[in-house]
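Open the model in your viewer and keep the sequence panel beside it. Each stop below says what to select and what is there.

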Amino acid sequence: MRYRRDVRSFTFTLARLKALEPSDKVYTVTDTRPPALSARVTPKGQTTLQVRRRPKGSRKVVTISICKLSDGVPLADVRERATMIVQLMNQGIMTWSTFL
């Protein structure tokens with residue numbers, strides 16, 4: 001089964017992520033848990049898992065790459081890393097300016 005790129009949010013599984021098809025433009029889909037986790041798919045078919053957050057009062061979206069799908073990192077570890085990054089940012093231990 002192939003997943004259409006116009007579906008913007010779903011629960012990530014390895015099979016669903018591998019089924020994302022490249023497009024003529026880069027596009028992003030979001031995981032439903034944790035919602036800050038997203039997958040960026042390039043026209044060449046490379047999928048990068050990343051954390052995307054919008055700082056309070058800002059129009060910019062800060063993106064932190066966690067890994068490429070081809071790196072073979074288990075999805076549970078990616079979700080754990082994403083949750084940890086968001087928690088550290090919310091606690092002020094990691095600041096947005098760290099990544100700007």
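Which residue takes a positive phi in the hairpin of β3 and β4? Select G45: in this hairpin, which has five residues between the strands, G45 has a positive phi near 90°. Most residues other than glycine have a negative phi.

Before going on, note that this is a predicted model, in which local features need pLDDT of at least 70 and side-chain atom pairs count only at pLDDT 80 or more, while totals for chains, interfaces and linings use all residues. Residues are numbered from 1 along each chain as its sequence is written, and side-chain values use heavy atoms, with hydrogens and water left out.

**Stop 1: the strands**

Strands (E, at least two residues) and helices (H or I, at least four) are DSSP runs numbered from the N terminus. Two strands are said to pair if DSSP finds at least two bridges between them.

Select β2, residues 27–31. On one side, β2 runs parallel to β1 (residues 9–10), and two bridges join them. S9 has T30 of β2 as its bridge partner.

Next select β3, residues 37–41. β3 pairs with β2 in the antiparallel sense over four bridges. Here V29 has A39 as its bridge partner, and Y27 stands opposite V41.

Then add β4, residues 47–53, which is antiparallel to β3 and shares five bridges with it. The bridge partner of R40 in β4 is T48.

Now color by burial, where buried means under 20% relative accessible area, exposed over 50%, and partly exposed in between (1.4 Å probe, protein chains only). Four of the five residues of β3 are buried, so β3 is largely enclosed by the rest of the structure. The side chains of β2 alternate: Y27, V29 and D31 point to one face and are buried, whereas T28 and T30 point to the other face and are not.

**Stop 2: the turn between β2 and β3**

Five residues make the hairpin connection from β2 to β3. Select P34 in this loop. The peptide bond between R33 and P34 is cis, with omega about -10°. Most peptide bonds are trans.

**Stop 3: D31 and its surroundings**

Show the side chain of D31, which lies in strand β2. D31 counts as buried, at 1% relative accessibility.

Which side chain meets that of D31 in a salt bridge? Select R79: the two side chains are 2.9 Å apart, N to O. A salt bridge here is a side-chain nitrogen of Lys or Arg within 4 Å of a carboxyl oxygen of Asp or Glu, and the structure holds one. R79 belongs to helix α2 (residues 75–91) and D31 to β2, so the pair ties together parts that are 48 residues apart in sequence. Both residues are buried.

Keep D31 selected and add F12. The backbone nitrogen of F12 lies 2.9 Å from a polar atom of the D31 side chain. With contact meaning heavy atoms within 4.5 Å, and neighbours within four places in sequence left aside, D31 touches F10, T11, F12, L37 and R79.

**Stop 4: the largest nonpolar core**

A nonpolar core is a set of buried Ala, Val, Leu, Ile, Met, Phe, Trp, Tyr and Cys residues joined through side-chain atoms within 4.5 Å. The largest one has 22 residues. Select F12, L17, L20, V29, L49, V51 and I66, which touch the most other members. Two or more residues each come from β2, β3, β4, β5 (62–68) and α2. The largest share, six residues, is from α2. In soluble globular proteins, nonpolar side chains tend to be buried together.

Center on L20. Not counting residues up to four places away in sequence, L20 touches F10, Y27, V29 and V41.

**Stop 5: L14**

Finish at helix α1, residues 14–18, and select L14. Is L14 buried or partly exposed? L14 is partly exposed, with a relative accessible area of 45%. Leaving aside neighbours within four places in sequence, L14 is in contact with L69 and L75. The C-alpha atoms of L14 and L69 are 8.6 Å apart, although the two residues are separated by 55 residues along the chain.

Note on methods:
A polar contact is a pair of N or O atoms within 3.5 Å; within protein, one must be able to donate a hydrogen and the other to accept it, and residues adjacent in sequence count only if both atoms are side-chain atoms.
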